Amino acid sequence: MGRIRVLVVDSHRIFAEALAAALAGEPDVDVGAAGTAAAAERALERAAGERRAYDVVLIDADLGPGPQYPPQRQHPSEPDQSEPRRPQYAVPVPVPRRPSLLPGARAHGAGGPHGAAGPAVRPVPQFQREPNPAAPGSSSKGDGIALLARVCRTHPELRAVVLAAEDDPRRAVRALHAGASGWVAKESSLGTLMTVVRGVLRDETHLPPALLTGVVRELTSARRDRSESERLVAALTPREEEVLRCMVAGLGRQAVAERLYLSPHTVRTHMQNVLGKLGVHSTLAAVAVARRAGISPAEPPPPSVPASTVASPTGPGVG
């Protein structure tokens, strides 16, 4: 396995910087960081366009509005390949010996400007603090799983791992359905995280043992719901199922009547029968049952053929 390119997506700057610095210590890892969904998607697109696509993205399950972390080289003044073991898009995290130092300031000790504290501290880049376009003006907690679903669709080769502050079986199932390959608690060790990163690149799925039972229970419950929905839909007549498929397609009563060549009154009767047999009280609830049962929406009607293009049955030349 060659070098592994990892993108950390987390709106908490301290956590993102610390994790990026820790990952950068791995000899075969290049790492970048982003603080918002928009910044992450731009970083992924840019890297793919430069033929240096990321292999793994680590996404905070509770990704909220936060600063953007533009990918930057560890040492912008140096050539790209001058230090091949250093991450090309790492977030630099200086560790000054005096915590009171401001970025760019020099430490002064008994030995003068370059005394015990060493030379100048490398400044941290100025991170842009743009609001998350997905939630303008919002300070509420976001949802990294929605971002995960988008990036898994647009970058099929990318492996996505969720970073979570707590284990949540329902959200874990959502993440798996969205395309996640792993779920890691934020309290986990770096060794555990790297085991997951290397594992997902081998097409493995990694879940914490404590979460696995809950995930299996959720999947089993979803399967029971689907089976019950299938049983309810099976009780419909063929005509009622046609009406239900039109409802799934979003058609109203008049449109269903025109599609099936029925009167609006007859369609209303069929819709009432559908709701009754499915045990629901609204069209929206009926559509939800149909979706769980795997009912697809009705296909759009074929385009009508103008009468002038229909060939005469008597053939050409007949007067």
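What share of the 319 residues in the protein is buried? I looked that up before anything else: buried residues make up 39% of the 319. Buried here means under 20% relative accessible area, exposed means over 50%, and partly exposed is in between, with a 1.4 Å probe and protein chains only.

**Ground rules.** This is a predicted model, where local features need pLDDT of at least 70 and side-chain atom pairs count only at pLDDT 80 or more, while totals for chains, interfaces and linings use all residues. Residues are numbered from 1 along each chain as its sequence is written, and side-chain values use heavy atoms, with hydrogens and water left out.

**Overall fold.** I get 10 helices and five strands. Helices (H or I, at least four residues) and strands (E, at least two) are DSSP runs, numbered from the N terminus. For contacts, I take heavy atoms within 4.5 Å. Of the contacts with a separation of 6 or more, 72% are between residues 24 or more positions apart.

**Cores.** Next I went for the nonpolar cores, meaning sets of buried Ala, Val, Leu, Ile, Met, Phe, Trp, Tyr and Cys residues joined through side-chain atoms within 4.5 Å. The largest has 32 residues, and Leu7, Val9, Val57, Leu147, Leu148 and Val162 have the most contacts inside it. Strands E1 (4–9), E3 (56–60), E4 (159–164) and E5 (180–185) are among the elements giving two or more residues to this core, and so are helices H2 (37–49), H3 (144–154), H4 (169–178) and H6 (209–234). I then picked out leucine 148: beyond its neighbours within four places in sequence, it is in contact with Ile59, Ala160, Val162, Ala175, Ala178, Gly179 and Ala180. There is also a second, separate core of 24 residues, including Leu244, Cys246, Ala257 and Ala293.

**Alanine 20.** This residue is in helix H1 (residues 13–24). Its relative accessibility is 1%, so alanine 20 counts as buried. I checked its spacing to valine 9: the two are 11 residues apart along the chain, with 10.0 Å between their C-alpha atoms.

**Helix H7 and its partner.** Which residues of helix H7 (238–248) are buried? I find Glu240, Val243, Leu244, Cys246, Met247 and Val248. Just after H7, glycine 250 takes a positive phi of about 85°. The axes of H7 and H10 (residues 283–292) come within 9 Å and cross at roughly 105°. Axes are lines fitted to C-alpha atoms, for helices over the stretch in contact, and angles run from 0 to 180 degrees between N-to-C directions. H7 and H10 are therefore roughly perpendicular to each other. The scale I use calls angles under 35 degrees roughly parallel, over 145 roughly antiparallel, 65 to 115 roughly perpendicular and the rest oblique. On the H7 side, Leu244, Met247 and Val248 meet Thr283, Ala286, Val287, Ala290 and Arg291 in H10.

**H8 against H9.** Helices H8 (253–260) and H9 (264–278) pack at an angle of about 105°, with their axes 9 Å apart. So this pair is roughly perpendicular too. Arg253, Gln254, Val256 and Ala257 of H8 make the contact with Pro264, Val267, Arg268 and Met271 of H9. Threonine 266 is also in H9 and is partly exposed, with a relative accessible area of 29%. From threonine 266 to arginine 253 I have 13 residues in sequence and 9.6 Å in space, C-alpha to C-alpha.

**Positive phi outside glycine.** Most residues other than glycine have a negative phi, so I noted the exceptions here. Tyrosine 261, in the loop between H8 and H9, has phi near 55° and is exposed at 75% relative accessible area. Aspartate 203 has phi near 65° and lies in the loop between helix H5 (190–200) and H6. Its relative accessibility of 57% makes aspartate 203 exposed.

**Rings and charges.** How many aromatic pairs does a search of the whole structure find? Zero. To pair, rings of Phe, Tyr and Trp (its six-membered ring) need centres within 6.5 Å; planes under 30 degrees apart count as stacked, over 60 as edge-to-face and the rest as tilted. Charges over rings do turn up: the charged end of arginine 5 sits over the ring of tyrosine 54, 4.6 Å from its centre. Lysine 186 lies over the face of phenylalanine 15, also 4.6 Å from the ring centre. The test is NZ of Lys or CZ of Arg within 6 Å of the ring centre and within 35 degrees of the ring normal.
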